[in-house]
Amino acid sequence: MVKEFLYRGIPKEELDSLSLEKLFLLFNSRQRRSLTRGITDGKRKLIEEIKAAKAGKLKNPIKTHVRDLIVLPYMVGITVNTFSGKEFQPVTITTEMIGHYLGEYVITNKKVSHGAPGVGASRSSLYVPLK
């Protein structure tokens, strides 16, 4: 049996039917503040693209640089290609992502693996044995 997703004790179907004001009260204070301060033009454009994709009117994949958009219940099921600073990485929005930022799911840095020091890098590199 699959476990049903509940956001703060409320199933997804009820979250879809809630008004935005009541939905905002369920979020943390940081998300509430971000949403009540207004939506920028970039966020508004992305929201319109998500609604068009949900309705089936959009054929191309959604690509965005907007990482600070908070995932709302009506966005579930859409794949958004989010920019990581180097490339666009696909993020499929699931129910567990509600209330989180879109950028949380795209890592912007990668692990650094240093190579051997080059010739003349420092005085200590003189003592690195060569093959």
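User: What share of the contacts in the protein chain, between residues at least 6 apart in sequence, joins residues at least 24 apart, and how do you know what counts as a contact?

Analyst: In this predicted model, 41% of those contacts join residues at least 24 apart, where a contact means heavy atoms within 4.5 Å. Glu-49 and Val-80 show how sequence and space can be set side by side, since they are 31 residues apart along the chain and 9.8 Å apart from C-alpha to C-alpha.

User: What makes up the protein chain, and which pattern does it follow along the sequence?

Analyst: The protein chain has 4 helices and 5 strands, and reading along the sequence gives the pattern β-β-α-α-α-α-β-β-β.

User: Why is Asn-81 called buried, rather than exposed?

Analyst: A residue is called buried when its relative accessible area is under 20%; the value for Asn-81 is 14%, and therefore Asn-81 is buried. Asn-81 lies in strand S4, where it stands opposite Pro-90 in S5. Leaving aside residues up to four places away in sequence, Asn-81 touches Pro-61, Ile-62, Lys-63, Thr-64, Phe-88, Gln-89 and Pro-90. Across the protein chain, buried residues make up 32% of the 131 residues.

User: How do you know which strands pair with S4, and in which sense, parallel or antiparallel?

Analyst: Two strands count as a pair if there are at least two bridges between them. Strand S3 (residues 62-64) is joined to strand S4 (residues 79-83) by 3 bridges, with the strands running parallel, and one partnership here is that of Ile-62 with Val-80. S4 and strand S5 (residues 88-92) have 5 bridges and pair in the antiparallel sense, with Thr-79 and Thr-92 as one set of bridge partners. Both counts reach the cut-off of two, so both are strand pairs.

User: Why is the pairing in this sheet called mixed, and which strands are at its edges?

Analyst: The sheet is open, with 3 strands in the order S3-S4-S5, and its pairing is mixed. In general, strands of a sheet pair through backbone hydrogen bonds, either parallel or antiparallel. Here the S3 to S4 pairing is parallel, whereas the S4 to S5 pairing is antiparallel. S3 and S5 are the edge strands, as each pairs on one side only. On average, neighbouring strands of this sheet are turned by 30 degrees against each other, direction ignored.

User: Which helix packs on the sheet, and which strands does that helix touch?

Analyst: Helix H4 packs on the sheet, where it touches S3 and S4, and its direction makes about 165 degrees with that of S3. H4 covers residues 41-55 and includes Glu-49, which touches Leu-58 and Ile-62 when residues up to four places away in sequence are not counted.

User: How do you know that the buried residues of helix H3 line one face?

Analyst: In H3 (residues 29-36), the buried residues are Gln-31, Ser-34 and Leu-35. Seen down the axis of H3, they fall within an arc of 95 degrees, so they line one face of the helix. Ser-29 and Thr-36, on the other side of H3, are exposed. The cover over the buried residues of H3 includes helix H2 (20-26) and H4.

User: What makes Gly-38 and Gly-85 worth pointing out in the backbone?

Analyst: Both take a positive phi: Gly-38, just after H3, has about 110 degrees, and Gly-85, in the hairpin of S4 and S5 with 4 residues between the strands, has a value near 105 degrees.

User: What makes a set of residues a nonpolar core, and which residues touch the most other members of the largest one?

Analyst: Its members are buried nonpolar residues joined through side-chain atoms within 4.5 Å. The largest nonpolar core has 29 residues, and Phe-27, Leu-46, Ile-50 and Val-80 touch the most other members. The elements that give two or more residues to this core are H2 and H4. In soluble globular proteins, nonpolar side chains tend to be buried together.

How values were computed:
Residues numbered from 1 in each chain as written. Predicted model: local features only at pLDDT ≥ 70, side-chain atom pairs only at ≥ 80, totals over all residues. Heavy atoms only, no water. Axes fitted to C-alpha atoms, helices over the stretch in contact; angles between N-to-C directions. Buried < 20%, exposed > 50% of the residue type's maximum accessible area, 1.4 Å probe, protein only. Arc of directions from axis to C-beta.
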